[in-house]
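Q: I am new to this structure and would like a close look at a single part. Please take the strands and their pairing, and then go on to what can be said about the space they line and the loops that join them.

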Amino acid sequence: VPATRVELTVSCRQLLDRDTFSKSDPVCVLYTQCPGSHQWREFGRTEVIDNSLNPDFLHKFVLDYCFEERQNLRFDLYDVDSKSPDLSKHDFLGQAFCTLGEIVGSAGSRLEKPLTGVPGKKYGTIILLAEELGNCRDVATLQFSANKLDKKDFFGKSDPFMVFYRSNEDGTFTICHKTEVVRNTLNPVWAAFAIPVRALCNGDHDRAIKVEVYDWDRDGSHDFIGEFTTSYRELAQGQSHFNVYEVVNPRKKMKKKKYLNSGTVTLLSFAVEAEHTFLDYIRGGTQLNFTVAIDFTASNGNPSQPTSLHYLSPFQLNAYSLALRAVGDIIQDYDSDKMFPALGFGAKIPPDGHVSHEFPLNGDASNPACHGIAGVLEAYQCSLRRVQLYGPTNFAPVVNHVARSAATVLDGSQYFVLLIITDGVISDMAQTKEAIVNAAKLPMSIIIVGVGQAEFDAMVELDGDDIRISSRGKVAERDIVQFVPFRDYMSGGPGAGLSMAGLAREVLAEIPDQLLSYMKARGIKPPPIPPMSPETPP
């Protein structure tokens, strides 16, 4: 059990300049290693900051900190040149290695390291700041406006935006929010924004919050208008004369005797509510409904041959069975009836040999549910002996099959998870995208496990972590797909069990947040936990 969660803030200084006509546009990519493995896996990316060699990234990495594990970290910096999520298409700006313990154990939990790359070349430095997350779960929603800000642009008015910083124990400041830019006005009204109270003050209501006001410039050299400080306790008083702040530019104040301020900022509204967690919904009775869909296309190879991904060996489980078990064993704990619908796609099925893209593995079209993961495995093995592997590889029918069930229960009492296990070459990409965009409105998530050695580019696109999936100009309202290549976890021998736990962790990691994003978008609150009656033992 991780002892605590730690939030990492990344900044860099004096990065290499790789752009000819402007400065680099850096992004930082964090890689972690699974315990006992030397393989690096991408953990996440910061936002891209345009035209800056000294970026302070706003996106934080939140990691579980396990005191007893050596948690290796690798930070790679790239200059982003296009919209492509593929890092090889961007310029490398250097990297740094350290452990999470190294950052946490440094003075003030602040570690500064030189970035390295080609020997003998200076790549600048990276600054990593770790802060333990308080367990405060409140989210504040704030809205601000400003009045009579200084005019900074020669031809028009200013384009103001604000940057919020929370103070650290040692008196330094960490960026925690940036507003949007309001163009061409000295009296902006910014949109309301929600921010975890933790991020504003880490639970300490009297900790200083510094706010800087800037005039946005396209080339990244934003002009400083002025600043003010406040605290969570002050902001929590809501709209009042206490929450009108003078925006002061200290340099102007020193130079000019008659200087009053560079405008004022007013808090228009303040509200706070508790953020619900995945466990709040599970405790309140939300059930996870788990459906499995298995790829029976001919590209898997003839099941009677040992080279086939569907080969049923008397001695060991094949990749399909292993993946099914790794994920199913965890998810079945959240499903009270333990009945799992199991479908196949891409085979010719008896009696007439027509190709089906959603056939029941147990042969019962009216009720494709199997009892427990053991029941699903048994039905899968029976199906392999009954059907003829064929094609094409169509995902849309099974996605729509689960979506039809999900569309009948929109009240948050049930959430549907579809596990698709496939060898990866998809034939109906356009229809599948359409199906996913429609499913994103429903209480469901899709997990795709890719088995075999194929290129899984299409699956990565469906995953939508870097670029949200869209169909016919409609963008999916939530990211509901998680793709994992099975081969990353294939290590035979004594470590196989460990890698299966890793597979399950990776595959299921996004489900809690995806469930929360559905509940939040629909305004569904978790029901209160039913009180125990005196008769029922706890």
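A: Two strands pair if DSSP finds at least two bridges between them. The model is a predicted one, and the description below starts with a pair of strands in it.

Strand β13 covers residues 208-215, and 8 bridges join it to β14 in an antiparallel arrangement. One place to look along this pair is aspartate 215, which stands opposite aspartate 223 of β14. The pair belongs to an open sheet of 4 strands, and the order across that sheet is β11-β10-β13-β14, with antiparallel pairing. β11 (173-178) and β14 (223-231) are its edge strands, each of them pairing on one side only. On average, neighbouring strands of this sheet are turned by 30 degrees against each other, direction ignored.

Another open sheet of 4 strands can be described in a similar way. Its order is β3-β2-β5-β6, and its pairing is antiparallel. Here the edges are β3 (40-45) and β6 (91-99), and each of these strands pairs on one side only. From one strand to the next, the twist averages 25 degrees. Strand β5, residues 72-79, pairs with β6 in the antiparallel sense over 8 bridges. In that pair, aspartate 79 has aspartate 91 of β6 as its bridge partner.

Strand β16 takes part in further pairing. Residues 264-274 make up β16, and 10 bridges connect this strand to β9 (residues 138-147) in the antiparallel sense. Within that pair, serine 269 of β16 is the bridge partner of glutamine 143. Strand β15, made of residues 244-246, also runs antiparallel to β16 and is joined to it by 3 bridges. There, glutamate 246 stands opposite threonine 264 of β16.

Next comes the space that some of these strands line. The second largest pocket holds about 900 Å³ of space. It is lined by 35 residues, of which Ile49, Pro55, Asp56, Ile175 and Lys178 are the closest to its centre. β1 (4-13), β8 (125-132), β10 (160-167), β11 and β13 are the elements that each give two or more residues to this lining. By class, the lining divides into 14 nonpolar, 12 polar and 9 charged residues.

Where does this pocket lie with respect to domain 1 and domain 2? Domain 1 spans 4-133 and domain 2 spans 138-274; both give residues to the lining of the second largest pocket, so the pocket lies between them.

A record gives another division of the chain. According to the unreviewed UniProt entry, the annotation "domain: C2" covers residues 1-115 and 118-245. For the span 118-245, the end C-alpha atoms lie 49 Å apart, and the span is 7% helix and 43% strand.

An enclosed space is also found in the model. The count comes to 1 cavity of 30 Å³ or more, and the volume of the largest cavity is about 30 Å³. Its lining consists of Ile436, Leu462, Asp463, Arg468, Ile469, Ala476, Arg478, Asp479, Ile480 and Val481. Of the residues in that lining, 6 are nonpolar and 4 are charged, and there are no polar ones.

Some details of the backbone in the loops remain. Most residues other than glycine have a negative phi, and most peptide bonds are trans. Glutamine 14 has a positive phi, near 55 degrees, although this residue is not glycine. Glutamine 14 sits in the loop between β1 and β2, the latter being residues 26-33.

The peptide bond between proline 350 and proline 351 is cis, and its omega is about 0 degrees. Proline 351 is placed in the loop that runs between β19 (347-349) and β20 (354-356). A cis peptide bond also leads from glycine 391 to proline 392, where omega is near -5 degrees. Proline 392 lies in the loop between β23 (388-389) and α8 (396-406).

To return to the starting point, β13 is joined to β14 by 8 bridges, and β13 is also among the elements that give two or more residues to the lining of the second largest pocket.

Conventions. Residues numbered from 1 in each chain as written. Predicted model: local features only at pLDDT ≥ 70, side-chain atom pairs only at ≥ 80, totals over all residues. Heavy atoms only, no water. Axes fitted to C-alpha atoms, helices over the stretch in contact; angles between N-to-C directions. 1 Å grid on protein atoms, 1.4 Å probe; cavity = no way out; pocket = protein on both sides within 12 Å on 5 of 7 lines; lining within 4 Å. Points joined across faces, edges and corners; volume = space filled by probe spheres on them. Nonpolar A, V, L, I, M, F, W, Y, C, P; charged D, E, K, R; others polar. Domains from an automatic or database assignment. UniProt positions renumbered as here; feature names shortened; annotations may be inferred.
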